[in-house]
Amino acid sequence: MGGKGLLTVFCGPSGVGKGSVLKAAMAKNSGIKLSVSVTTRKPRPGEVDGKDYFFVTIEEFKKMIESDQLAEWAEYCGNYYGTPRKAIEDDLMKGHDVILEIDTAGAKSIKSKSPDAVTIFLLPPSFDELKRRIVKRGTEELSVIEKRFETARMEIGLIEMYDYVIINDDIEKA
């Protein structure tokens, strides 16, 4: 495969099912590469370092910022998240399509640097369903869940900046 791949930015509120939808899409298309983000948050049960995220300390993350190793980064709910620049550039130059699963601030940053990037926002069928999904995960304290839900309202208010909006009421359809 030669040429440059397509960069796609995939966003949506916490708990909307981004990971599940991406997993289903990647099972149907082996040409897609999912960029693995770096984070300072603790791994959730079943998450694997280097596969789900690169789990690093705050000090390591700050060094990555200082040395311009991240294409974008943000602080979210007290933790840092970022996208390693070199891996994306290498995959795109090899002709692979790359998907970034990032937040709205990261999407805006990537779109400003890469105007050809395709942006997709995943919506829940309703706010009640979103809250049910976040609570069902059982991985965060109530204060963090409430913060994630407040952030979700803000993120959903920005859907005009995306090229496509998909409602995740059924993973196979989404």
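This is a short talk about charged side chains, aromatic rings and a few positions in one predicted model.

I'll start with the salt bridges. A search of the whole structure finds eight of them, and I will go through three.

The pair to begin with is R41 and E47. Their side chains form a salt bridge, and the closest N and O atoms are 2.8 Å apart. Is R41 buried or exposed? It is buried, because its relative accessible area is 6%, and the limit for buried is under 20%.

Next, K111 and D163. These two side chains also meet in a salt bridge, at 3.3 Å from N to O. K111 is in helix α4, which covers residues 104–113, while D163 is in the loop between α6 (142–156) and β9 (164–167), so this salt bridge ties together parts that lie 52 residues apart in sequence. As for the surface, K111 counts as partly exposed, at 25% relative accessibility. D163 counts as partly exposed too, with a value of 41%.

The third pair is K131 with E146, where the N to O distance in the salt bridge is 3.2 Å. Here again distant parts of the chain are linked: K131 belongs to helix α5 (residues 127–137) and E146 to helix α6, with their positions 15 residues apart in sequence. K131 is partly exposed, at 30% relative accessibility. E146 is also at 30% and is likewise partly exposed.

Stay with K131 for a moment, since it has an aromatic neighbour as well. Its charged end sits over the ring of F149, 5.1 Å from the centre of that ring. There is another arrangement of this kind to look at: R153 lies over the face of F127, and the distance to the ring centre is 4.2 Å.

Now a lysine without a salt bridge. K18 is located in helix α1, which runs over residues 18–28. K18 is buried, and it has no salt bridge. Which side chain of opposite charge is nearest to K18? That is E101, at 4.5 Å. A salt bridge needs the charged atoms within 4 Å, so at 4.5 Å E101 does not qualify as a partner for K18.

What does lie close to the side chain of K18 is a piece of backbone: the oxygen of P13 is 3.2 Å from one of its polar atoms. What else is K18 in contact with, leaving aside neighbours within four places in sequence? The contacts are F10, C11, G12, P13, E101 and L122. E101 is therefore in contact with K18, although the two do not form a salt bridge.

On to rings. A pair of aromatic rings is described by the distance of the centres and the angle of the planes. The whole structure has eight aromatic pairs. In one of them, Y53 and F55, the ring centres are 5.8 Å apart and the planes are at 55°, so the pair is tilted. Both Y53 and F55 are buried. They also belong to an aromatic cluster, which is made up of Y53, F55, Y76 and Y81.

F55 also gives us a way to place P43. The C-alpha atoms of P43 and F55 are separated by 7.2 Å, and the two residues are 12 apart along the chain. P43 is in the loop between β3 (38–39) and β4 (54–55). P43 counts as partly exposed, at 46% relative accessibility.

One backbone detail. Most residues other than glycine have a negative phi, and most peptide bonds are trans. What is the phi of D68? It is positive, about 55°, although D68 is not a glycine. D68 can be found in the loop between α2 (58–66) and β5 (70–76).

Last, two exposed residues and how far they are from other places in the chain. K23 is in helix α1, the helix that also holds K18. K23 is exposed, with a relative accessible area of 65%. From K23 to E89 is 22 Å, C-alpha to C-alpha, and 66 residues in sequence.

M93 is in helix α3, residues 85–93. M93 is exposed as well, at 59% relative accessible area. The C-alpha atoms of M93 and G17 are 29 Å apart, and 76 residues separate the two along the chain.

That is the end of the talk.

Technical notes. Residues numbered from 1 in each chain as written. Predicted model: local features only at pLDDT ≥ 70, side-chain atom pairs only at ≥ 80, totals over all residues. Heavy atoms only, no water. Helix = DSSP H or I, 4+ residues; strand = E, 2+ residues; numbered from the N terminus. Buried < 20%, exposed > 50% of the residue type's maximum accessible area, 1.4 Å probe, protein only. Lys, Arg positive; Asp, Glu negative; His and termini not counted. Polar contact = N/O pair within 3.5 Å; in protein donor to acceptor, adjacent residues only side chain to side chain. Contact = heavy atoms within 4.5 Å. Phe/Tyr/Trp six-rings, centres within 6.5 Å; stacked < 30°, edge-to-face > 60°. Lys NZ or Arg CZ within 6 Å of the ring centre and 35° of its normal.
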